[in-house]
Amino acid sequence: MNQNNTPKFAIVGAGTAGLAAAILLAQQHIHVTIFEKAHALEPVGAGLLLQPSGLAVFEHLGVLEDALKLGALVTGLEGQLANGFKLVDSHYVQAHPDFYGLGIHRATLCHVLEKKCHEYAELITWHMNTDIERLNESSHEIRVIGTQHQEYFEDVFDHVIIANGARSRLRPRQWVKVDQAYPWGAKWTIVPECLTLDTQILHQFYDRAKIMMGILPTGAIPNQPQQRLSSIFWSLPTNQLESFLPDQHARSEWLKEISQRWKPAADWLEQVITNPEEKQQWLSANYRDVVLSKFGEGRIGIIGDAAHAMSPQLGQGANMALLDAWALGQAVRHARDNQTIDRVKLWQHYHQHRKSSTDFYQFLSRLLTPLYQSDLWWAGTLRDFSFSWMYRIPYFRKEMAITVTGLKSGMFSQMKYQDIAHSSLNRKK
Ligand SMILES: Cc1cc2nc3c(=O)[nH]c(=O)nc-3n(C[C@H](O)[C@H](O)[C@H](O)COP(=O)(O)OP(=O)(O)OC[C@H]3O[C@@H](n4cnc5c(N)ncnc54)[C@H](O)[C@@H]3O)c2cc1C
């Protein structure tokens with residue numbers, strides 16, 4: 001423990017998980033130091049879908065109102081096959097009459113969380129441009145070691161929370177059961193809002209497991225609040241990501257391919273996707289599958305994508321990161337006795353909240369991903385047959401809607417929105 005006996009936490013990574021965890025610890029008057037390798041929190045990324053689980057954490061953090069101002073309300077997910085058949089038709093009201101999702105730009109999400117962090121300026125210290133490369137744990141402290149502005153750097157803490165994303169190299173090696181790249185990724189771009197299709201729906205389009213496109217309402221970014229946006233994603237094997245739409249001919253062929261299947265979407269894309277020569281910014285997304293045997297022990301905890309990276313098929317990445325941060329806040333509160341944190345209690349409590357839910361979503365994500373993104377000839381047929389059959393049975397229809405909310409805590413159990421949103425904390429403001 002440090003000199004003035006207040007537990008000192010380091011958080012590595014200022015993404016969704018790291019920023020939310022910093023707020024939740026500061027709300028308990030805990031000193032937090034955030035290490036982020038980027039030199040500033042830049043508006044990189046495209047749209048994310050916040051599910052009711054993530055929104056419950058936003059409410060708990062006191063940032064929901066702010067997020068609602070810029071984000072786009074989403075009432076459901078609809079997925080169409082090439083013949084026009086609506087294979088997926090999942091709406092939040094099927095899970096609960098008050099539920100909805102929020103399409104949000106990653107920059108807006110980080111902005112809302114960063115703004116809240118600034119309310120705790122006396123408790124949160126920032127170290128930008130700091131790449132943490134190694135942790136060194138001993139019985140009485142933990143050392144973070146890396147480079148700051150390209151110079152050697154080290155500092156000492158009581159606890160370190162690893163929140164540095166899917167490609168983390170800080171995970172204790174003996175905890176890692178799986179850490180591998182998915183063979184398929186996606187191209188993303190941001191365009192003005194799609195008004196041709198229902199603006200409150202995440203639209204997906206599938207043809208076998210080889211073609212998948214999504215159009216997600218994304219709301220606005222903080223410095224252009226009037227300009228509403230949509231994100232477009234197009235699924236591809238990772239070895240084709242860099243050569244996507246190299247020239248005008250490729251663009252026309254791509255649009256033709258879409259037009260043969262989904263004409264209204266193609267007509268809209270024709271207007272918003274510029275010629276490749278005009279350098280429209282398409283981001284590449286690569287996904288990893290990471291499974292750990294545990295999320296915390298001793299002075300180290302791992303949250304967010306660093307703990308359980310998965311494919312985005314179920315749209316849970318940012319939501320699971322937020323739930324992790326929330327559970328960490330709850331566990332610290334439970335395990336803390338004045339200035340002492342009982343580390344055994346801490347991680348027991350954390351695993352109780354997060355283990356089975358994470359297992360459930362990871363299992364489902366691994367099961368479903370090849371049905372949407374693969375070269376397997378039978379995958380799309382199996383998906384189309386089983387999904388259309390399942391949607392006819394009210395029990396499965398409801399279970400699918402609940403699964404999308406992010407609130408499942410196991411095959412037959414779920415968390416309650418109110419329990420997360422209104423769980424007690426010593427709030428400062
Ligand atoms: C630049 C970027 C763009 C993204 N765009 C999208 C998108 O468009 N759509 C989507 O669905 N998801 C996107 N994601 C992923 C999405 O944000 C995460 O899946 C989700 O929010 C979980 O967040 P996380 O905090 O666990 O990880 P992340 O959001 O990945 O955050 C990890 C943070 O740790 C920092 N970091 C990494 N290594 C170190 C280190 N050694 N030392 C210090 N800091 C380090 C990174 O710079 C990053 O800020 C993006 C992630 C990033 C980093």
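## Notebook: helices, strands and one tryptophan

I began with helix 5 (residues 248-259) and helix 6 (residues 263-272), whose axes come within 7 Å and cross at roughly 155°. An angle over 145 degrees counts as roughly antiparallel, and so I note helix 5 as roughly antiparallel to helix 6. A reminder to myself: this is a predicted model.

Next I listed who meets whom between these two helices. From helix 5 I have L255, I258 and S259, and they meet K263, A265, A266, L269 and E270 of helix 6. Sorted by character, the residues of this contact come out as 5 nonpolar, 1 polar and 2 charged.

**Entry: the annotated domain**

I checked the UniProt record, an unreviewed entry, and it places the feature "domain: FAD-binding" at residues 10-337. Over residues 10-337 I read 26% helix and 38% strand for the chain. The C-alpha atoms at the two ends of that stretch are 20 Å apart.

**Entry: strand 5 and its partners**

How many of the residues of strand 5 are buried? I get 5 of its 6, so to speak a mostly covered strand, at residues 76-81.

I then followed its pairings. Strand 5 runs antiparallel to strand 6 (residues 86-91), and 5 bridges join them. With strand 15 (residues 201-207), strand 5 runs parallel, and there I find 6 bridges.

E78 is a handy marker here. Its bridge partner in strand 6 is D89, and its bridge partner in strand 15 is H203.

I also looked at the hairpin of strand 5 and strand 6, which has 4 residues between the strands. In this hairpin G84 takes a positive phi near 90°.

**Entry: strand 17 and its partners**

Strand 17 covers residues 224-237, and 9 bridges join it to strand 14 (residues 184-192) in an antiparallel run. To keep the register in view, I noted T189 opposite I232 of strand 17.

Strand 16 (residues 211-221) is also antiparallel to strand 17, with 7 bridges joining them. Here G214 stands opposite F233 of strand 17. Strand 16 and strand 17 make a hairpin, and I count 2 residues between them.

**Entry: a three-stranded sheet**

I found an open sheet of 3 strands in the order 3-7-4, with antiparallel pairing. Which strands stand at the edges? They are strand 3 (47-50) and strand 4 (72-74); each has a single partner strand, so one side of each is left without a neighbour in the sheet. From one strand to the next, the twist averages 30°.

Within this sheet I looked at strand 3 against strand 7 (residues 101-105), and they pair in the antiparallel sense over 4 bridges. My register note for this pair is L50, which stands opposite L102 in strand 7.

**Entry: W126**

Last stop: W126, which I located in strand 8 (residues 124-127). Is W126 buried or exposed? Neither label fits, because I count 17 C-beta neighbours inside 10 Å, and W126 is therefore partly exposed. For reference, buried needs 20 or more such neighbours, and exposed needs 12 or fewer.

I also looked up how W126 sits relative to E36. The two are 90 residues apart in sequence, and their C-alpha atoms are 8.0 Å apart in space.

Key: Residues are numbered from 1 along each chain as its sequence is written. This is a predicted model: local features need pLDDT of at least 70, side-chain atom pairs count only at pLDDT 80 or more; totals for chains, interfaces and linings use all residues. UniProt positions are given in the numbering used here, feature names are shortened, and annotations may be inferred rather than shown by experiment. Two strands pair if DSSP finds at least two bridges between them. Axes are lines fitted to C-alpha atoms, for helices over the stretch in contact, and angles run from 0 to 180 degrees between N-to-C directions. Angles under 35 degrees count as roughly parallel, over 145 as roughly antiparallel, 65 to 115 as roughly perpendicular and the rest as oblique. Two residues are in contact if their C-beta atoms, placed from the backbone, lie within 7 Å. Ala, Val, Leu, Ile, Met, Phe, Trp, Tyr, Cys and Pro count as nonpolar, Asp, Glu, Lys and Arg as charged, and the others, Gly among them, as polar.
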